[in-house]
Amino acid sequence: NFLYGIPTGLAVIDATHQGWMAGELVGFYARPAVGKTWMLVREAAIAWANGDRVLLISPEVSTRQIALRIDVFLGYYHGIRLSHKKIFAGHPDQQAPYEALAEAVKASERWWTVDSLQGRPLGLRDIRMLIQQFQPDLVCIDGVMLLHDDERAKDGWQKIENICYGLKNLATAHDTVIMVSHQAGKMNT
């Protein structure tokens with residue numbers, strides 16, 4: 001099955017032969033703790049397994065914590081079964097599979113994860129710089145409401161609008177897919 005874009009792993013979308021298309025801004029909007037971060041990591045892992053370059057920006061979760069989720073999905077695509085719960089708990093039966101995963105992905109330089117720059121929140125200028133540096137096919141941003149609004153809007157809705165229009169412009173200008181998550185009820189952030 002030929003796809004013009006990045007595979008989504010969602011049969012109803014992939015059946016259209018479109019996938020995630022360069023220049024798109026895709027959003028996942030839901031209440032807290034329903035799986036937005038997991039969904040972004042899943043989509044990123046599918047893209048990575050397809051040979052695409054991935055930049056995951058995570059102001060919502062630290063790079064160390066999100067790495068555990070990433071490893072579970074990357075392991076899956078290498079036929080290595082890891083348990084997020086067991087990894088998080090430090091269960092000894094995860095050591096050998098984890099070492100096998102590290103060996104399988106060590107040569108890949110197609111995935112970058114960033115949670116901040118020198119301890120400060122990321123803004124559109126920073127994201128533009130990261131896109132230029134890494135040239136990803138897919139940019140995933142977990143927690144778009146936590147990005148810095150370079151235009152410094154006071155109203156939460158205006159901040160989100162500024163950031164989302166800016167991200168859409170970046171997606172188009174850099175011919176990449178940008179995927180974001182946002183929490184329902186966080187508009188006044």
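The paragraphs below lead through several helices and loops of this structure, which is a predicted model.

The account begins with helix α2, which spans residues 36–49. This helix has 14 residues and reaches 20 Å from its first C-alpha to its last, close to the 20 Å expected at 1.5 Å a residue. Of the 14 residues of α2, 10 are buried, so the helix is largely enclosed by the rest of the structure. The buried residues are K36, T37, L40, V41, E43, A44, A45, I46, A47 and W48. Just after α2, G51 takes a positive phi of about 95°.

Helix α2 is in contact with helix α3, which covers residues 63–77. The axes of the two helices come within 9 Å and cross at roughly 45°. That angle makes α2 oblique to α3, and the crossing is right-handed. On the α2 side, the contact is made by T37, W38, V41, R42, A45, I46, W48 and A49. On the α3 side, the contributing residues are I66, R69, I70, F73, L74 and Y77.

One residue from each of these helices may be examined more closely. T37 belongs to helix α2. Its relative accessible area is 10%, and because buried means under 20%, T37 is classed as buried. Setting aside residues up to four places away in sequence, T37 touches V61, I66, R69 and D142. Two of these, I66 and R69, are also among the residues through which α3 makes its contact with α2. L68, in turn, lies in helix α3. With a relative accessibility of 14%, L68 likewise counts as buried. Again leaving out residues up to four places away in sequence, L68 touches H84, I87, F88 and Y98. The C-alpha atoms of L68 and S181 are separated by 19 Å, and the two residues lie 113 residues apart along the chain.

Helix α5, residues 95–105, is associated with both helices just described. Its buried residues are P97, L101 and V105. Seen down the axis of α5, these residues fall within an arc of 60°, so they line one face of the helix. What covers them includes α2 and α3. The face of α5 turned away from this buried side carries the exposed residues Q95, A96 and E103.

Beyond α5, the chain enters the loop that leads to strand β3 (111–114), and A107 lies in this loop. A107 is exposed, with a relative accessible area of 70%. Between A107 and P136 there are 17 Å in space, C-alpha to C-alpha, and the two are 29 residues apart in sequence.

Helix α7, residues 156–174, has 19 residues. From its first C-alpha to its last it reaches 27 Å, close to the 27 Å expected at 1.5 Å a residue. The buried residues of α7 are G156, K159, I160, N162, I163, G166, L167, L170 and A171. Viewed down the axis of α7, they fall within an arc of 165°, so they line one face of the helix. The elements that cover these buried residues include two strands that flank α7 in the numbering, β4 (138–142) and β5 (177–183), together with β1 (25–30) and helix α6 (124–134). On the other side of α7, W157, Y165, N169 and A173 are exposed. Just after the helix, D175 takes a positive phi of about 50°.

The backbone at D175 introduces a final topic. Most residues other than glycine have a negative phi. Which loop residues depart from this pattern? H17 is one of them, with a phi near 70°, a positive value in a residue other than glycine. H17 is found in the loop between α1 (11–14) and β1, and at 34% relative accessibility it counts as partly exposed. Q118 also has a positive phi, of about 50°, although it is not a glycine. This residue is found in the loop between β3 and α6. Q118 is exposed, with a relative accessible area of 83%.

Methods
Residues are numbered from 1 along each chain as its sequence is written. This is a predicted model: local features need pLDDT of at least 70, side-chain atom pairs count only at pLDDT 80 or more; totals for chains, interfaces and linings use all residues. Side-chain values use heavy atoms; hydrogens and water are left out. Helices (H or I, at least four residues) and strands (E, at least two) are DSSP runs, numbered from the N terminus. The expected span of a helix is 1.5 Å times one less than its number of residues. Buried means under 20% relative accessible area, exposed over 50%, partly exposed in between (1.4 Å probe, protein chains only). The arc is that of the directions from the helix axis to the C-beta atoms. Contact means heavy atoms within 4.5 Å. Axes are lines fitted to C-alpha atoms, for helices over the stretch in contact, and angles run from 0 to 180 degrees between N-to-C directions. Angles under 35 degrees count as roughly parallel, over 145 as roughly antiparallel, 65 to 115 as roughly perpendicular and the rest as oblique. A crossing is left-handed if the near helix is turned anticlockwise from the far one by less than a right angle, and right-handed if clockwise.
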